[in-house]
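Biologist: I am new to reading protein models, and I would like a close look at one small part of this one. Please start with a single residue near the beginning of the chain, and then show me how to read other places in the same way.

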Amino acid sequence: MSPQMKRANAVKSAGQWDDASAVDRVTLDAQERHRRRIVLTGERGTTFLLDLPQATALRDGDGLVLEDGAIVRVTGRVEPLVEIAAANAHELARLAWHIGNRHVDVEIVGDRLRMRRDHVIEDMLRGLGARLSPIEAPFDPEHGAYEQHRGHTHGHDHPGHDHD
């Protein structure tokens, strides 16, 4: 890192800061938004080191706080997704179980699910009665119970329980 490069070591959650005050914006897909340390360059040329204490799942609308107090907005990149609908809540829960059982990232949007395009999983879901609609939108998947998120962990280090 060059001595004059700015550093961002804090995140303000979407809705907790004035979005209009952003000095720049970085557009990242869902995978790129799960970060701890990386050099980023905003659309207006602001280059900075994202340097967080632990890997954090950044969300669309979050603000990366630079050392001087300026904020760079995080924007979710549009990705090819499929939106999944079902006849009722029970059927949607069943579809969600099948998606989760295959460890596929999923986003819950109202009474629908979204996932990245995957023709194999899409065929399975159709066979289970899902209604699928291809869309292009930012993807903000749910994060697992054991992932670090928002600066805290949901770990469980009690004895007699492992994940082998």
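Modeller: Let's begin with a definition: a residue is called buried when its relative accessible area is under 20%, exposed when it is over 50%, and partly exposed in between. Keep in mind throughout that this is a predicted model.

Now to K6. Its relative accessibility is 36%, and because this value falls between the two cut-offs, K6 counts as partly exposed. You will find K6 in strand β1, which covers residues 6–12. Who surrounds this residue? Setting aside neighbours within four places in sequence, K6 touches T46, T47, F48 and L49, and also L66, E67 and D68. Take T47 from that group: T47 is 41 residues away from K6 along the chain, yet the C-alpha atoms of the two are separated by 6.9 Å. So a residue's partners in space need not be its partners in sequence, as the contact between K6 and T47 shows.

The chain as a whole gives this a setting. It has 2 helices and 10 strands, and from the N terminus on the order is β-β-β-β-β-β-β-α-β-β-α-β. Among contacts between residues at least 6 apart in sequence, 64% join residues at least 24 apart. Of the 164 residues in the chain, 38% are buried. The chain exposes about 9600 Å², with carbon and sulfur atoms supplying 48% of that area.

Let's use the same approach on T75. This residue lies in strand β6, residues 71–76. T75 is buried, because its relative accessibility of 11% is under 20%. Its side chain makes a polar contact of 2.9 Å with the side chain of R73. Beyond four places in sequence, T75 is in contact with R25, V26, T27, L28 and D60.

Next, look at the loop between α1 (89–101) and β8 (107–109), where H103 sits. H103 is exposed, because its relative accessible area of 72% is over 50%. H103 also has a positive phi of about 55°, although it is not a glycine.

D105 belongs to the loop between α1 and β8 as well. At 38% relative accessibility, D105 counts as partly exposed. The side chains of D105 and R116 are joined by a polar contact of 3.3 Å. Further along the chain is F139, 34 residues from D105, and the C-alpha atoms of these two are separated by 9.5 Å. Apart from neighbours within four places in sequence, D105 is in contact with R114, M115, R116, F139 and P141.

That last name, P141, takes us to our final stop, as P141 is one of the residues lining the largest cavity. A search of the whole structure finds 1 cavity of 30 Å³ or more, and the largest cavity has a volume of about 40 Å³. Alongside P141, the lining is made up of A30, R33, H34, A57, L58, D140 and H143. By type, these lining residues divide into 4 nonpolar, 2 polar and 2 charged.

To go back over the route, find K6 in strand β1, then T75 in strand β6, then D105 in its loop, and finish at the cavity lining with P141.

Notes
Residues numbered from 1 in each chain as written. Predicted model: local features only at pLDDT ≥ 70, side-chain atom pairs only at ≥ 80, totals over all residues. Heavy atoms only, no water. 1 Å grid on protein atoms, 1.4 Å probe; cavity = no way out; pocket = protein on both sides within 12 Å on 5 of 7 lines; lining within 4 Å. Points joined across faces, edges and corners; volume = space filled by probe spheres on them. Nonpolar A, V, L, I, M, F, W, Y, C, P; charged D, E, K, R; others polar. Helix = DSSP H or I, 4+ residues; strand = E, 2+ residues; numbered from the N terminus. Buried < 20%, exposed > 50% of the residue type's maximum accessible area, 1.4 Å probe, protein only. Contact = heavy atoms within 4.5 Å. Areas by Shrake-Rupley, 256 points an atom, 1.4 Å probe, with all protein chains shown as cover. Polar contact = N/O pair within 3.5 Å; in protein donor to acceptor, adjacent residues only side chain to side chain.
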